[in-house]
Amino acid sequence: MRPLYEMEIIQIDVTNACANSCSNCTRLIGHHRKPFFMGFDIFCNAVDSLADFPGIVGMIGGEPLLHPDFEKMAHYMARKLPDPKRRGLWSSIPKGNKYGSLIKEVFGTQYFNDHTVNTILHQPVLVAAEEVVKDKEEMWELIDHCWVQNMWSASITPKGAFFCEVAASFDMLFGGPGGWEVGPDWWKRGVDEFDEQKNRACPKCGCAIPLERRPSVDNIDDVSPVNLELLRRIRSPGVAKGRTQLYTGRRVESWSPHSNWYMDEVDDEMEYRKRISDRLDGQLGGGE
Ligand code: SF4
Ligand code: SF4
């Protein structure tokens with residue numbers, strides 16, 4: 001794991017509403033009974049808290065463009081973060097979105113991912129490490145080298161700040177106690193301050209364990225038995241709709257995660273990104 005001040009990106013999860021239902025979504029989409037939409041004041045406080053963070057501040061979901069205050073939020077980011085490169089947007093650019101021009105104007109860093117193609121592979125996030133790795137020492141060793149925390153982001157949700165974006169999702173779905181208070185220096189925390197959040201989230205999560213991945217387009221979440229029980233307890237709509245499957249895969253031998261690892265099967269990444277970017281161009285000036 002790495003300290004938060006060494007991260008390149010910290011995310012603000014503005015909503016977990018999404019039009020898609022990709023397999024093994026890191027935001028556990030499909031299991032919430034009701035999506036959240038971050039309040040504008042909370043968003044402003046989150047952006048303010050990251051004013052001195054040297055990296056990118058990302059707006060992410062779910063699908064951030066579904067937030068009713070998206071436009072206000074984008075303008076606030078533009079006011080508070082003068083360097084456009086530090087303003088990030090992660091979106092699947094849903095059809096009919098009306099923000100093409102605004103996105104081009106505000107966000108100097110854009111990650112457009114369409115997960116509804118069968119070449120995007122997602123790690124089985126709901127297969128609990130503690131259920132598939134019997135040796136606890138080995139489990140913590142794997143968790144301490146988790147590629148998500150090492151290569152991706154901490155995040156802020158309406159319930160506070162978290163050392164890892166996936167830990168934040170677990171807290172949101174399973175009614176956790178929330179994260180750290182969002183103040184000016186929260187992102188200066190080191191690894192020795194993660195324990196409480198880490199002990200709660202990581203043993204329930206499958207991201208750090210070498211497991212078989214699944215195409216996002218399957219619309220199925222792999223789950224381990226105890227996590228399935230937890231999902232039933234919160235009356236997950238995903239379980240009710242038969243969108244979960246008990247994990248039958250094995251530990252994999254060769255495993256070499258990198259930040260865009262989920263796209264390894266995409267033949268031509270540039271072409272893939274261009275296709276989604278063209279969708280945005282097609283929406284420039286749309287929405288009248
Ligand atoms: S992975 Fe799929 S379901 Fe999850 S937030 Fe992204 S587009 Fe939505
Ligand atoms: S194991 Fe899961 S919750 Fe823990 S750091 Fe990795 S991705 Fe985050």
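These are my notes on one helix pair and two ligand sites in a predicted model.

**Entry 1: the helix pair**

I started with helix 1, residues 40-49, and helix 2, residues 70-80. Their axes come within 10 Å and cross at roughly 25 degrees. Angles under 35 degrees count as roughly parallel, so I wrote down helix 1 and helix 2 as roughly parallel to each other. I also looked up the hand of the crossing, and for these two helices it is right-handed.

Next I asked myself: which residues in helix 1 meet helix 2? They turn out to be Phe40, Phe43, Cys44, Val47 and Asp48. On the helix 2 side, I found Lys72, Met73, Tyr76, Met77 and Lys80. Sorted by class, this contact has 7 nonpolar and 3 charged residues, with no polar ones.

**Entry 2: ligand 1**

Then I went over to ligand 1 and listed what sits around it. I got three cysteines, Cys18, Cys22 and Cys25, along with Asn20, Ser21, Arg27 and Ile29. Gly61, Gly62, Glu63, Ser92 and His115 are also in the shell. I make that a mix of 4 nonpolar, 6 polar and 2 charged residues.

**Entry 3: ligand 2**

How does the shell around ligand 2 divide by class? Here I noted 11 nonpolar residues, 1 polar and no charged. Cysteines turn up again, including Cys146, Cys164 and Cys202. Gln149 is in this shell too, and so are Ile143, Val148, Val166 and Ala167. I finished the list with Ala201, Cys205, Cys207 and Ala208. Two elements give two or more residues each to this shell: helix 6 (147-151) and helix 7 (165-173).

Notes: Residues numbered from 1 in each chain as written. Chains lettered and ligands numbered in written order. Predicted model: local features only at pLDDT ≥ 70, side-chain atom pairs only at ≥ 80, totals over all residues. Axes fitted to C-alpha atoms, helices over the stretch in contact; angles between N-to-C directions. Helix = DSSP H or I, 4+ residues; strand = E, 2+ residues; numbered from the N terminus. Parallel < 35°, antiparallel > 145°, perpendicular 65-115°, else oblique. Left-handed = near helix turned anticlockwise from the far one by under 90°. Contact = placed C-beta atoms within 7 Å. Nonpolar A, V, L, I, M, F, W, Y, C, P; charged D, E, K, R; others polar. Near = placed C-beta within 6 Å.
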